[in-house]
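Me: I am new to this structure and keep meeting words such as "buried" and "paired". Could you walk me through where those words come from?

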Amino acid sequence: MIDIIFNLNSIADAAKQIAFKLTPGLPFLLYGEMGAGKTTLTKHIVSALGCVEQVTSPTFTIMQSYLTNTDTVWHVDLYRLDDVYHIDELGLDELNRHDMMIIEWPERLGYKIFSQYLKGTLSIQSDSSRKLILETII
Ligand SMILES: Nc1ncnc2c1ncn2[C@@H]1O[C@H](COP(=O)(O)OP(=O)(O)OP(=O)(O)O)[C@@H](O)[C@H]1O
Ligand SMILES: [Mg+2]
């Protein structure tokens, strides 16, 4: 388990550390209260992975994909998951076999669909400072 403390000046370095750990088959489940900075951190991880596109918070879509030179990266925000969408229909398990995934509000999954994952718990330390606890769950 490691702790990473960062602010908006050091977030790119923090994102790089996390990006190194991402790999298909090991989804990054990013926990943290509303406004903790999950989407902001995700944007930086996606850039650290070499995606040229800017990630925008998926306001109307639950899932967005980005391309690196070699991989597809999915940003999944389950906050807006409602009755219309069912977890099974998102096909996360299948995508996870081939693609990298960063999942906000993973508690909405409701049940365990990933047997192993990288768990991130983001918390607010002060106005600009955040702490991420990172652990690999197998
Ligand atoms: N060190 C930091 N890391 C990330 N965000 C920060 C940091 N310091 C300040 N912020 C600010 O905190 C806010 C976090 O918003 P963001 O949308 O990323 O949070 P979120 O966890 O995705 O929220 P939600 O639960 O609504 O999805 C942004 O306005 C961002 O600029
Ligand atoms: Mg968000």
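**How the labels are earned**

Reply: Gladly! A hairpin makes a good start: S6 and S7 are joined by one, through five residues. Please keep in mind that this is a predicted model.

Me: What makes S6 and S7 (residues 130-137) a pair?

Reply: Two strands pair if there are at least two bridges between them. S6 and S7 have eight bridges, in the antiparallel sense, so they count as a pair. One place to look is Ile 124, which stands opposite Arg 130 in S7.

Me: How do you know that S2 and S6 pair, and in which sense do they run, parallel or antiparallel?

Reply: Five bridges join S2 to S6, and the cut-off is at least two, so this is a pair as well. The two strands run parallel. Here Phe 28 stands opposite Leu 118 in S6.

Me: What joins S3 and S4?

Reply: They form a hairpin with four residues between them. Five bridges link S3 to S4, and the strands run antiparallel. Within this pairing, Tyr 66 has Val 73 in S4 as its bridge partner.

Me: Why is Gly 110 called exposed?

Reply: Count the other C-beta atoms within 10 Å: Gly 110 has 10. A residue is exposed if the count is 12 or fewer, so Gly 110 earns the word exposed. You will find Gly 110 in the loop between strand S5 (100-104) and strand S6 (117-124). The C-alpha atoms of Gly 110 and Ile 87 are separated by 8.9 Å, while the two residues are 23 apart along the chain.

Me: And why is Trp 105 called partly exposed?

Reply: Trp 105 has 19 other C-beta atoms within 10 Å. Exposed needs 12 or fewer and buried needs 20 or more, so with 19 Trp 105 is partly exposed. Trp 105 is also in the loop between S5 and S6.

Me: What makes the phi of Trp 105 worth a look?

Reply: The phi of Trp 105 is positive, about 55°, although this residue is not a glycine. Most residues other than glycine have a negative phi. A positive phi also turns up just after H2, where Gly 50 has a value of about 95°.

Me: Which residues of H2 are buried?

Reply: They are Lys 38, Leu 41, Thr 42, His 44, Ile 45, Val 46 and Ala 48. The buried residues of H2 pack against helix H1 (11-21), strand S2 (28-32), strand S3 (63-67), strand S4 (72-77), S5 and S6.

Me: Which residues touch the most other members of the largest nonpolar core?

Reply: Ala 15, Phe 28, Ile 45, Leu 49 and Ile 103 do, in a core of 28 residues. H1, S2, H2, S4, S5 and S6 each supply at least two residues of this core, and H1 gives the most, with five. Beyond its neighbours within four places in sequence, Leu 49 is in contact with Ala 19, Thr 68 and Val 73.

Me: What surrounds ligand 1?

Reply: There are 17 residues around ligand 1, and the closest are Met 34, Gly 37, Lys 38, Thr 39 and Thr 40. Helix H2 (residues 38-48) gives the most to this shell, with four residues. By type, the shell has seven nonpolar, seven polar and three charged residues.

Definitions and conventions:
Residues are numbered from 1 along each chain as its sequence is written. Chains are lettered from A and ligands numbered from 1 in the order in which they are written. This is a predicted model: local features need pLDDT of at least 70, side-chain atom pairs count only at pLDDT 80 or more; totals for chains, interfaces and linings use all residues. A residue is near a molecule or strand if its C-beta atom, placed from the backbone, lies within 6 Å of it. Ala, Val, Leu, Ile, Met, Phe, Trp, Tyr, Cys and Pro count as nonpolar, Asp, Glu, Lys and Arg as charged, and the others, Gly among them, as polar. Two residues are in contact if their C-beta atoms, placed from the backbone, lie within 7 Å. A nonpolar core is a set of buried Ala, Val, Leu, Ile, Met, Phe, Trp, Tyr and Cys residues joined through C-beta atoms within 7 Å.
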